[in-house]
Amino acid sequence: MKKLGLFGGAVLIALLTLTAATRADTISYADAVTTLATDCGTDIKKFCKGMNLGGGRIQSCLEGHAGKVSPTCTASLASVVTSIRARLAAQSSFAAICKHDAAQYCKGVKGEGNVLSCLNKAKRVNEGQCGQAITDAGWR
Amino acid sequence: MMNLRFGTLLTVGLMMAPGQASAQELSDKQLIRTLGRVEGAAPAIDVALLVQEAAASAGKGVASLPDWQNLSKLSQLIVEIEFENDSVAIEPKSYRTVGMIADALHHPNLRRYKFLVVGHTSSTGDAKHNLMLSQKRADAITEALSTTFAIAPDRLIAIGVGEEWPVDPANPQAADNRRVQLVNLGLVR
């Protein structure tokens with residue numbers, strides 16, 4: 001009986017993991033570029049001296065030295081670019097996704113920041129699509 | 001949580017836990033609170049005038065000029081962003097700081113505001129060169145924010161003041177004086 005209980009627990013954990021894995025989590029801009037600095041810092045100093053983060057220059061420099069840049073950096077660069085895009089997309093979709101919930105739970109609240117903190121307090125919102133949008137935007 | 005080392009914070013009415021030293025760690029939420037405090041009586045800032053005054057004051061300082069003093073009355077924070085020597089290239093170890101600023105500026109509490117990015121140097125080297133370098137570095141930071149992190153360019157104004165406004169006037173060559181000041185200028189019009 002005890003063994004069965006343990007087994008049941010394992011299945012539950014596996015199911016929860018599976019559910020979580022179906023949706024890609026977004027990460028902060030700070031975390032995204034920290035990965036870039038950690039995994040590509042040496043290559044940036046070696047191949048992209050004097051170049052800056054802005055204007056996609058570091059990205060094109062690293063891509064331009066594809067054969068010489070470390071495999072870790074090459075893999076990270078792609079994921080960093082994807083992470084930043086995913087966070088930007090999540091943040092710009094907030095207003096549209098949460099429009100209905102804002103009208104329902106935060107009627108009369110003025111200002112996007114105030115609407116957000118109102119939505120964050122509404123339990124019903126947290127369970128729905130809008131709640132997920134807030135999480136993906138990094139605004140919990 | 002974004003853990004970052006910050007330099008001295010010179011903010012009016014800044015809410016901070018007591019006993020914090022000059023180098024501290026702020027969470028993203030504290031950062032947003034710090035920058036989002038807009039006082040009704042905040043002075044209007046004429047950036048063109050600041051640029052003009054900084055250029056005219058190379059080697060003489062701006063700390064005593066009322067227009068520059070007005071900046072101290074606005075919500076702001078000071079961060080350290082390291083650059084390659086005599087270059088506009090941000091060191092990879094400082095990418096996180098720029099990313100953290102992007103996280104804050106994209107937050108709904110701050111999305112309506114525009115910001116002044118002020119670059120400062122220490123007094124090592126020629127004053128005019130420092131003035132020019134600090135302007136280019138402030139430009140580099142705003143460029144990274146508006147391209148890599150898609151902050152609307154009309155929300156960011158870059159200005160370099162060189163060595164003219166040291167945070168440690170007794171030791172103008174000290175490394176603490178090299179810093180970036182991020183000032184909330186109020187609503188985007």
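Here's a short back-and-forth on a predicted model with chains A and B, asking what stands behind each label.

Q: What makes strand β4 of chain B count as mostly covered?
A: Burial here takes 20 or more other C-beta atoms within 10 Å of a residue's own. In β4(B), residues 113–120, six of the eight residues are buried.

Q: How do you know that β4(B) pairs with β6(B), and in which sense?
A: Pairing needs at least two DSSP bridges. β4(B) and β6(B), residues 179–187, have eight bridges, and they run antiparallel. So the pair passes the cut-off of at least two bridges. For a spot to look at, B:L116 sits opposite B:V183 in β6(B).

Q: What makes β5(B) a partner of β4(B), and in which sense?
A: Six bridges link β4(B) to β5(B), residues 156–162, and this pairing is parallel. Set that against the cut-off of at least two bridges, and the two strands therefore count as paired. Two positions to click on: B:G119 has B:G160 as its bridge partner, and B:L116 stands opposite B:I157.

Q: How do you know that both faces of β5(B) are covered?
A: In a regular strand, side chains alternate between the two faces of the sheet. On one side of β5(B) you have B:L156, B:A158, B:G160 and B:G162, on the other B:I157, B:I159 and B:V161, and all of them are buried. That fits the tally for the strand, with seven of seven residues buried.

Q: Why is the β4(B), α5(B), β5(B) stretch called a right-handed β-α-β unit?
A: The handedness is read with the strands pointing away from the viewer: the crossover is right-handed if the path from the first strand over the helix to the second runs clockwise. β4(B), helix α5(B) (residues 127–147) and β5(B) make a right-handed unit, so by that definition the path runs clockwise.

Q: How do you know that the span of α5(B) agrees with what a helix of 21 residues should give?
A: At 1.5 Å a residue, the expected span is 30 Å, and the end C-alpha atoms of α5(B) are 30 Å apart, so the two agree.

Q: What do the buried residues of α5(B) pack against?
A: Their neighbours, all in chain B, are α2 (47–56), α4 (95–106), β4, β5 and β6. Among the buried residues of α5(B) are B:L131, B:L133, B:A138, B:I141 and B:L145.

Q: What makes up the contact between the chains?
A: Chain A puts in 25 residues and chain B 27. On the chain A side, α2 (29–47), α4 (71–105) and α5 (112–121) each supply at least two residues. The largest share, nine residues, comes from α2(A). By type, the chain A side splits into 13 nonpolar, eleven polar and one charged.

Q: Why is chain A written as α-α-α-α-α-α-α?
A: Chain A has seven helices and zero strands, so reading along the sequence gives that pattern of helices, each being a DSSP run of at least four residues.

Q: Which residues of α7(A) are buried, and what do they pack against?
A: In α7(A), residues 129–137, they are A:C130, A:G131, A:A133, A:I134, A:D136 and A:A137. They pack against α4, α5 and α6 (123–127) of chain A. Just past the helix, A:G138 takes a positive phi of about 80 degrees.

Methods: Residues numbered from 1 in each chain as written. Chains lettered and ligands numbered in written order. Predicted model: local features only at pLDDT ≥ 70, side-chain atom pairs only at ≥ 80, totals over all residues. Buried ≥ 20, exposed ≤ 12 C-beta atoms within 10 Å, placed from the backbone. Expected span 1.5 Å × (residues − 1). Contact = placed C-beta atoms within 7 Å. Nonpolar A, V, L, I, M, F, W, Y, C, P; charged D, E, K, R; others polar.
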